[in-house]
Amino acid sequence: MFKVLEWFEKSPLLMRDVYCNTLVELAQDNEDIVVLDADLVSSSGMKPFFAKYPERAIQCGIAEANMIGIAAGLSAMGKVPFAHSFGSFATRRVCDQIMISAAYAKQNVRIVGSDPGITAAYNGGTHMPFEDMGVLRSIPEITLIEPADPVVLADIIKQLAVLRGVFYIRMARKNAAAIYEDGSTFEIGHGNVLLPGDDVTIVASGIMVVEALKAAAILRTEDISARVIDMFTWKPIDAGLIEGCARSTGAFVTAENHNIVGGLGSAVAEVLSTTFPVPLEMVGVNDRFGQVGTEDFLREEYGLTAENIVAAAKRAIARKV
């Protein structure tokens, strides 16, 4: 069960520290946990794990495809591997290894891609994955997760230590918003309704969850009631929740730090088109490459703001029959 905080602000915790500390804690009781990194141990915050469990920490160097192959091999020997690189290199550069060595081979592999979308900031377009979830979404049986805050991340990592399958976690490295109360738990494959609403449903994930909550507050001042969902699991998508919200609100907006082509908007559209079609507006990156800039600049440049969500909500509502 989860509880939502009354106020939303930056968490004092770095997501990478939560990732590392949770694995350090889990590794005390689970000797099968192994971590792999692609020359990014400092960036991923994994130095404490490498220091405490050097025999279960593998520095693979700038050889991401090899890293996924090693993770698959470790899985075949009964280990529980967590493999990290920047999101762009953890997905598109190693898509075939994820497909064949991990998913097709029915292995038990967790892939962590950090700095998704505009959170890559000064690393620029080559390191700015707007396509990572879309690249992996067509791989059968893979699970795709984007935690919005440290509480979700910690709980998901704990679950993945015991679940079996191929998982991709799309994780901001540094500060994220604080949305959930400590101790909250989450069910993979089920979206979280953060706010009730009757006029429009806003489905968001990652850094866009807080923007969706801000948008709902703005809409409320104009007597528009917006339901907000944190869809932290992109695959399997919560089709039942989407259909239920479509029937009760009659209009949808999706908000994602990702290309709208093949992303969260596409996943929601697939459900709506086959269950209960309603007007849908997508807020996300409109089929563009990334660029260098501050996160605030990039948020404005790519239209990833609460104001963009508000405008989209009004368009969706206006299209209701």
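This is a short dialogue on reading a predicted model, from its domains down to single residues.

Me: Where do the domains of this chain begin and end?
Reply: The domain assignment gives two ranges. Domain 1 covers 12-180, and domain 2 covers 192-318. Their C-alpha centres lie 26 Å apart.

Me: How many residues does each domain bring to the contact?
Reply: Domain 1 brings 32 residues and domain 2 brings 34.

Me: What area is buried between domain 1 and domain 2?
Reply: Buried area is what two parts lose on being put together, summed over both. Here the figure is about 2,500 Å², and carbon and sulfur atoms give 61% of that.

Me: Which residues of domain 1 lose the most area to domain 2?
Reply: Look for Ile 118, Phe 130 and Arg 137. Together they make up 33% of what the domain 1 side buries.

Me: How many salt bridges are counted between domain 1 and domain 2?
Reply: The count is one. For a salt bridge, look for a side-chain nitrogen of Lys or Arg within 4 Å of a carboxyl oxygen of Asp or Glu. Arg 137 forms one with Glu 270, and the closest N and O atoms are 3.0 Å apart.

Me: How many residue pairs are in polar contact across the interface?
Reply: The rule finds 17 such pairs between domain 1 and domain 2, with both residues at pLDDT 80 or more.

Me: Which elements give two or more residues to the domain 1 side?
Reply: They are H6, strand E6 (143-145), helix H7 (150-160) and strand E8 (175-180). H6 gives the most, with four residues. By residue type, this side of domain 1 divides into 19 nonpolar, seven polar and six charged.

Me: Now a single residue. Is Asn 192 buried or exposed?
Reply: Check its relative accessible area against the cut-off: buried means under 20%. Asn 192 has 4%, so it is buried. Asn 192 sits in strand E9, residues 192-195.

Me: What does Asn 192 touch?
Reply: Leave out residues up to four places away in sequence. Asn 192 then touches Phe 2, Tyr 180, Phe 186, Val 228, Ile 229, Asp 230 and Phe 232. With Tyr 180 there is also a side-chain to side-chain polar contact, at 3.1 Å.

Me: Last, a helix. Which residues of H10 are buried?
Reply: Helix H10 spans residues 264-274. Its buried residues are Leu 264, Gly 265, Ser 266, Ala 267, Val 268, Val 271 and Leu 272.

Me: What covers the buried residues of H10?
Reply: The cover includes helices H6 (132-137) and H9 (239-249). Strands E10 (200-204), E12 (233-235), E13 (252-259) and E14 (280-285) are also among the covering elements.

Terms used. Residues numbered from 1 in each chain as written. Predicted model: local features only at pLDDT ≥ 70, side-chain atom pairs only at ≥ 80, totals over all residues. Heavy atoms only, no water. Buried < 20%, exposed > 50% of the residue type's maximum accessible area, 1.4 Å probe, protein only. Polar contact = N/O pair within 3.5 Å; in protein donor to acceptor, adjacent residues only side chain to side chain. Contact = heavy atoms within 4.5 Å. Domains from an automatic or database assignment. Buried area = accessible area lost by both parts, 1.4 Å probe. Nonpolar A, V, L, I, M, F, W, Y, C, P; charged D, E, K, R; others polar.
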